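User: Please take me through one surface feature of this predicted model, piece by piece. Once that's done, a quick look at what sits around the ligand would be handy.

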Amino acid sequence: MSATAASLALPAGRTSGSLPAIVGAELLKLARRPATWVLLGLWPALQLVFSLVIPYVSYSRGSSYEGSPPEALLASTLPDRLVANALSGLPLFGGALLLTLGALLAGSEYGWGTLKTLLAQGPRRTTVLAGQLLALVTVLAGTVAVSLALTAGVSALIAGAESAPADWPGAAEIARGFGGGLLVATTWGAMGVLLGTALRGTALAIGLGLVWVLAVESLVVNVAAPLLDVFETAQQALPGVNAGSLVAALAGSDTPVRTPGVVAVVDGGQAAWVLGAFLAAAVALTALLLNRRDLT
Amino acid sequence: MRHRRGQSPAMHTATGTAGPRPAPGSSSARAAGPGPHDDGDPVVTTDRLTKRYGSRTVVDALSLQVRRGEVFGFLGPNGAGKTTTLRMLLGLVRPTSGSATVLGRPAGASVAQVGALVEGPGLYPYLSGRDNLRVLARYAGVGADRVAAVLDTVALTDRAGDRFGTYSLGMKQRLGIAAALLKDPALVVLDEPTNGLDPAGITEVRTLLRRLVAEGRTVVLSSHLLGEVEQICDRVAVVASGRLLVESSVEELRGLGRLVVDARPLDTAVAVAGRLLGPDRVSVVDGALHLQAAPEETAAVNRALVTADVDVTGLRQEARTLEEVFLQLTDVDEAGPPEPAPRPRRLRRGTR
Ligand SMILES: Nc1ncnc2c1ncn2[C@@H]1O[C@H](COP(=O)(O)OP(=O)(O)OP(=O)(O)O)[C@@H](O)[C@H]1O
Ligand SMILES: [Mg+2]
């Protein structure tokens, strides 16, 4: 049997696609998918509007914000606040968008029956997952970079227009901001992928993800934690709380960030570790589910 | 017009229209196979392959063999377990027990050499036909030149730039077949490939399958369209409720024709024919004697009847279509609990 089997083998080297080839295929899929552009575009756009445009317009009309004088509003939009202004949306609404993206990417492979088509080309399941996640990390890195670049550009314009000082943060601070932002973004994205995979679809995965990010976490932090000590401790393990703490740490502590969700509950180092653990757990669980299940 | 139970007379027309079919393996000398050709070479072997979902046994101890260079038809009614079996061959579904060997390796390990279209084309609606194939070509590790080649094969080059989501059902199906051919596979597994195709499309697929076989590939095809299987397959397996009812060549399966005899007195005729052929090959339908008998047996039947003083006023051989065989086989199984073990590889004969 095996002797004849060997003679049946196709020309040597007939294997399935390599990991880089699969990443390339996934990037093509992401680039051609309107939802990618909408979700990834929304975050920097919202980021820009809420951290720069609205405060600046409000400053130029002379209004104050929560008792802080207009000058404080202007200061918050200047280049030295680059990292805070580029990332402050990530823990909450950025998280919601990226979780949605992850759930959409993973879940629709089930809805369209495309996962079986991909696997039928021959790659191992873990290779497929690795390729999809690497492609996701690539576009997320691009998005974080775009957010930093856009924020830098608009801040520079404001500083120029107001003849205000342009004290740019150092390269190390920007790099740390980029890395931290990418960690937060990837963690949200990977948790979305886990939800989409676990639920084999998009609708419920997105729904549950949004309820978690926008409702459950904020209820725990704002309602339960002040009342019960258990929740006071438990909130330190929530992904959103840690994302908020990490961004707060990256933003620097001299001026508090106004964006909801950006609160230093734990210190930055701890937050980074917890997020890393969430990321690793989400990836491992997704791989486990994918490897075990029947694909029908 | 003679009415036969459960049959529309139109089904007759399916008989005898089978076009010339290349003998299995006759043209299989192919660059891909360095070794000498062997008709008996199994490309797929399943050994008591079983899949259970909960308490439901969907595929039940299925043992069959697909030989190299043949078109193998996998036939069965809805829910018979065809798709589930094909999924197991591709490693998408894990068997509960038993095993499957594909191209000499455990199912799933050989997928890189198997082209498959299982349960409809699963492709990205927002991508163009061409981009869908580009994505899959990268997953398969084949060059971009294959994309143009398979688009051409399924005659979709003109529409390749349109989004898959805007394709008609038949175009989607054709793109799915194109995707299955990307890898230039040694084995092509197609689950109801003509689903949604118009008659011209069905003919095209048939031509395509012949070409694939002429190129030395092996094709496994599932279907419940018997006319199709009859025209294109060398051998078939019939499954129902997850169990193999028959595995044989199409000719064998169509097998014993039906001899319809108008004879008086009928009861004597039944007795005589029963003695000659065995009682379970004899039945009476609409006042005529229906015998499961090969053409060579016609003369002997006639002689026996006449010798017994039976008046024979009509005697004709009716070839059975695969359709009839299929309905008979699957009907037997679905009416009530089946007998302990349906006997594979043997035709069930006799009255219903
Ligand atoms: N994931 C699953 N969970 C539970 N039952 C399943 C699953 N997949 C298939 N089945 C059951 O297995 C049986 C066989 O299904 P399968 O799709 O293999 O049939 P089929 O022969 O391909 O039918 P059709 O001709 O309609 O395509 C059906 O009863 C179906 O309900
Ligand atoms: Mg099916």
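Analyst: Start with two helices of chain A, helix 10 (203–227) and helix 11 (229–234), since each hands at least two residues to the nonpolar patch (helices are DSSP H or I runs of at least four residues, strands E runs of at least two). Helix 10 of chain A is the top contributor, with 3 residues. The full cast is L219(A), V223(A), L227(A), L228(A), V230(A) and F231(A), making about 580 Å² of nonpolar surface (patch members have over 30% relative accessible area and no salt bridge, nonpolar side chains being joined within 5 Å; areas are Shrake-Rupley, 1.4 Å probe). V230(A) belongs to helix 11 of chain A, and V230(A) counts as exposed because its relative accessible area is 61% (the cut-off is over 50%).

Now the ligand. Ligand 1 lies between chains A and B, and 14 residues surround ligand 1, with N78(B), G79(B), K82(B), T83(B) and T84(B) the closest (a heavy atom within 4 Å). For oxygen atoms of ligand 1, look at a polar side-chain atom of T83(B) at 2.6 Å, one of K82(B) at 2.7 Å, and a backbone N or O atom of A80(B) at 3.1 Å. On its own, ligand 1 has 640 Å² of accessible area, and the protein covers 68% of that. Strand 2 (56–67) and helix 1 (82–89) of chain B each give two or more residues to the shell around ligand 1; helix 1 of chain B has the largest share, 3 residues.

Housekeeping: local features need pLDDT of at least 70, and side-chain atom pairs 80 or more, while totals use all residues. Residues count from 1 along each chain, chains run from A and ligands from 1 as written, and side-chain values use heavy atoms, without hydrogens or water.

Note on methods. A polar contact is a pair of N or O atoms within 3.5 Å; within protein, one must be able to donate a hydrogen and the other to accept it, and residues adjacent in sequence count only if both atoms are side-chain atoms. Patches are made of residues with over 30% relative accessible area and no salt bridge: like charges are joined within 9 Å, nonpolar side chains (Val, Leu, Ile, Met, Phe, Trp, Tyr) within 5 Å. A salt bridge is a side-chain nitrogen of Lys or Arg within 4 Å of a carboxyl oxygen of Asp or Glu. Buried means under 20% relative accessible area, exposed over 50%, partly exposed in between (1.4 Å probe, protein chains only).
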